[in-house]
Amino acid sequence: MFTGIVEELGEVTAVENLGDASRFRLRGPVVTDGAKHGDSIAVNGVCLTVVEHEGDEFTADVMAETLNRSALGALGVGSRVNLERPTAVGDRLGGHIVQGHVDGTGAVLERKPSENWEIVKVSLPADLARYVVEKGSITVDGISLTVVEAGPDFFTVSLIPTTLALTTLGLKQPGDPVNLEVDIVAKYVERLLATTRGAAQ
């Protein structure tokens, strides 16, 4: 489990095409500290497994299913990525519960800077819109954010200078893809209500 609080802005140093998968090598001195084979690290909100670890770099294999359902396929050498290690039991939950299982992708539609923050508008797949509510939580490229406005096919978030400086959202431009993970609580509630209604009929 993750919390959506990015630990560092890493970098893709190599991408190897494996046919029905890709192997990424990524640099991140913070998240690789003490890392070992089999550990999990979230890369732009996608939970990946460490295959190899050397120095401040690690490799992870990304299957076709993940490449198709996320924006990781758009990454290349030099791409910056948000990195987060799993939450340890007993740690503070600084963001919200994040599984690292991407529900879909959106794209940055618009950026509106102001003196102390920036409003970013992101497209939202129709099948995810019902899970997104104003003042609710959403994960964008692995970042736990609060929804400002929730539309039928978009949402907006307000980004403080720290988020802009320390995550990929400070770099994304209109048209750039982002990974989206909706609040898992909303999906559980929907499933429970559907089951309850079905049992009552």
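Q: How do the residues lining the largest pocket divide into nonpolar, polar and charged?
A: A lining can be read by sorting its residues into classes. In this predicted model, the lining of the largest pocket holds eight nonpolar residues, seven polar ones and no charged ones.

Q: What volume does the largest pocket have, and how many residues line it?
A: Volume and lining are good to read together. Here the volume is about 280 Å³, and 15 residues form the lining. Nearest the centre of this pocket lie Ile-143, Ser-144, Leu-145, Ile-160 and Thr-163.

Q: Which strands and helices supply at least two residues each to that lining?
A: The idea is to map lining residues back onto the secondary structure. For the largest pocket, strand E10 (143-150), strand E11 (154-159) and helix H2 (161-166) each supply at least two residues. E10 gives the most, with four residues.

Q: What is the volume of the second largest pocket, and which residues line it?
A: Let's read this one in the same way. Its volume is about 230 Å³. The lining is made by Asn-44, Ala-71, Ala-74, Leu-75, Ser-79, Arg-80, Asp-141, Thr-168, Leu-171, Lys-172, Asp-176 and Pro-177.

Q: And how does the lining of the second largest pocket divide by class?
A: Five of its residues are nonpolar, three are polar and four are charged. Set that beside the largest pocket, where the lining has no charged residues.

Q: Turning to the fold, how many helices and strands does the chain have?
A: A count of elements is a handy place to start. This chain has three helices and 12 strands.

Q: In what order do the strands run in the barrel that contains E1?
A: To read a barrel, follow the pairing from strand to strand. This closed barrel has six strands in the order E1-E2-E5-E4-E3-E6, paired antiparallel. From one strand to the next, the twist averages 45°.

Q: How many bridges join E1 to E6?
A: Four bridges link E1 (residues 8-17) with E6 (residues 80-84), and the two strands run antiparallel. For a spot to look at in the viewer, find Gly-10, which stands opposite Val-81 in E6.

Q: What is the strand order in the barrel that contains E7?
A: Follow the pairing again. The order is E7-E8-E11-E10-E9-E12, a closed barrel of six strands with antiparallel pairing. Here too the strand-to-strand twist averages 45°. E10 and E11, members of this barrel, also contribute to the lining of the largest pocket. Within the barrel, five bridges join E7 (residues 104-113) to E8 (residues 118-123), running antiparallel. Lys-112 stands opposite Ile-119 in E8.

Q: Which residues does the UniProt "repeat: Lumazine-binding" annotation cover?
A: An annotation is a label from a record, to be set beside the coordinates. The unreviewed UniProt entry gives this repeat at residues 1-96 and 97-193. It also places the feature "domain: Lumazine-binding" at these spans, 1-96 and 97-193.

Q: What helix and strand content do the two spans have?
A: Residues 1-96 are 6% helix and 44% strand, with end C-alpha atoms 10 Å apart. Residues 97-193 are 16% helix and 41% strand, and the end C-alpha atoms there lie 21 Å apart.

Q: What does the radius of gyration say about the whole chain?
A: The idea is to compare the value with the one expected for a compact globule. For 201 residues that would be near 17 Å, and the chain has 17 Å, so the two agree. Along the principal axes, the C-alpha atoms fill a box of roughly 55 × 50 × 40 Å.

Note on methods
Residues are numbered from 1 along each chain as its sequence is written. This is a predicted model: local features need pLDDT of at least 70, side-chain atom pairs count only at pLDDT 80 or more; totals for chains, interfaces and linings use all residues. Side-chain values use heavy atoms; hydrogens and water are left out. UniProt positions are given in the numbering used here, feature names are shortened, and annotations may be inferred rather than shown by experiment. On a 1 Å grid over the protein atoms alone, a cavity is a set of points where a 1.4 Å probe fits but cannot get out, and a pocket is an open set with protein on both sides within 12 Å along at least five of seven lines; lining residues have an atom within 4 Å of a point. Grid points are joined across faces, edges and corners, and a volume is the space filled by probe spheres set on the points. Ala, Val, Leu, Ile, Met, Phe, Trp, Tyr, Cys and Pro count as nonpolar, Asp, Glu, Lys and Arg as charged, and the others, Gly among them, as polar. Two strands pair if DSSP finds at least two bridges between them. Axes are lines fitted to C-alpha atoms, for helices over the stretch in contact, and angles run from 0 to 180 degrees between N-to-C directions. The radius of gyration is taken over C-alpha atoms; the globule rule is 2.2 Å times the number of residues to the power 0.38.
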